[in-house]
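User: Please take one part of this protein and look at it closely. I would like to know what is covered, what is open to solvent, and what touches what.

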Amino acid sequence: MGQGGAAVFVIIALLFLLLWFAVVVYGFVRVLGGRISTMVPLSDVATLTLQRNFVYYARADAWQRWRIRRRVKHLIADKEWIGRGLEVSRDMKAMVAACAIQLMWGWKDAEMLFFRRVII
């Protein structure tokens with residue numbers, strides 16, 4: 001193999017690695033839904049609020065609880081929360097998000113894209 005053949009081999013190898021990297025990144029974005037909020041766990045305050053005040057969560061099995069926490073976390077992170085005459089607390093956000101998720105429970109990964117903000 002001459003100089004030209006080695007250069008072509010290196011270029012092909014680099015292109016293959018770049019393609020492999022793009023596929024891996026695409027997979028992560030696809031799995032995570034393009035959201036960084038999936039990497040941050042739901043706060044302990046919000047989880048405790050769900051355990052104490054949200055009967056649907058208290059009666060759910062471990063897998064369903066994980067799904068509820070994940071969806072609550074997404075809804076809280078994706079929406080603008082506005083309080084009319086009051087300050088919106090983390091407990092309020094958790095309960096409103098949980099109630100909204102309960103309404104959409106049968107739908108696969110429903111995100112409520114038609115809402116940009118939640119006004120309480």
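Analyst: A residue is called buried here when its relative accessible area is under 20%, exposed when it is over 50%, and partly exposed in between. Valine 25 shows how the scale works: its relative accessibility is 35%, which lies between the two cut-offs, so valine 25 counts as partly exposed. The model is a predicted one, and the values below are computed from it.

The setting comes first. The protein has 120 residues, of which 25% are buried. It contains 5 helices and 2 strands, and along the sequence these elements follow the pattern α-α-α-α-β-α-β. Among contacts with a separation of 6 or more, 68% join residues 24 or more positions apart.

The part I will follow is the largest nonpolar core. This core holds 20 residues, and those touching the most other members are Leu50, Ile68, Val72 and Leu75. Helix H2 (44-53), helix H4 (62-78) and helix H5 (90-103) are the elements that give two or more residues to the core. H5 supplies the largest share, 5 residues. As general background, nonpolar side chains tend to be buried together in soluble globular proteins.

Valine 72 gives a view from inside the core. Once neighbours within four places in sequence are set aside, valine 72 is in contact with Leu42, Leu50, Ala94, Ala97, Ala98 and Ile101. Leu50, one of these partners, is itself among the residues that touch the most other core members.

Leu50 leads to H2. The buried residues of H2 are Ala46, Thr47, Thr49 and Leu50. Seen down the helix axis, they fall within an arc of 160 degrees, so the buried residues line one face of H2. The cover over them includes helix H3 (55-58), H4 and H5. Asp44 and Arg52, on the other side of H2, are exposed.

The loop between H3 and H4 is the next stop, and alanine 60 lies in it. Alanine 60 has a relative accessibility of 11%, which is under the 20% cut-off, and therefore it counts as buried. Apart from residues up to four places away in sequence, alanine 60 touches Arg65 and Ile68. Ile68 is one of the residues with the most contacts to other members of the core.

Two features outside this account of the core deserve a look for contrast. One is a nonpolar patch on the surface, with an area of about 870 Å². Its members are Phe9, Val10, Leu14, Phe16, Leu17, Trp20, Phe21 and Val25. Valine 25, the residue used to introduce the scale, sits in helix H1, which spans residues 3-32. Over the protein as a whole, the accessible surface comes to about 8,900 Å², and carbon and sulfur atoms account for 65% of that area.

The other feature is a charged pair. The structure holds 1 salt bridge, in which the side chains of arginine 117 and glutamate 80 meet at 3.6 Å, N to O. This pair links distant parts of the chain, with arginine 117 in strand S2, glutamate 80 in strand S1 (residues 80-82), and their positions 37 residues apart. Strand S2 covers residues 117-119. Both partners fall between the cut-offs: arginine 117 has a relative accessibility of 36% and so counts as partly exposed, while glutamate 80, at 43%, is partly exposed too.

Arginine 117 also has isoleucine 82 as a partner. Leaving out neighbours within four places in sequence, arginine 117 is in contact with Glu80 and Ile82. The C-alpha atoms of arginine 117 and isoleucine 82 are separated by 7.2 Å, although the two residues are 35 apart along the chain.

Notes:
Residues numbered from 1 in each chain as written. Predicted model: local features only at pLDDT ≥ 70, side-chain atom pairs only at ≥ 80, totals over all residues. Heavy atoms only, no water. Patch = residues over 30% accessible without salt bridge, like charges linked within 9 Å, V, L, I, M, F, W, Y side chains within 5 Å. Areas by Shrake-Rupley, 256 points an atom, 1.4 Å probe, with all protein chains shown as cover. Salt bridge = Lys/Arg side-chain N within 4 Å of Asp/Glu carboxyl O. Helix = DSSP H or I, 4+ residues; strand = E, 2+ residues; numbered from the N terminus. Buried < 20%, exposed > 50% of the residue type's maximum accessible area, 1.4 Å probe, protein only. Core = buried A, V, L, I, M, F, W, Y, C linked by side-chain atoms within 4.5 Å. Contact = heavy atoms within 4.5 Å. Arc of directions from axis to C-beta.
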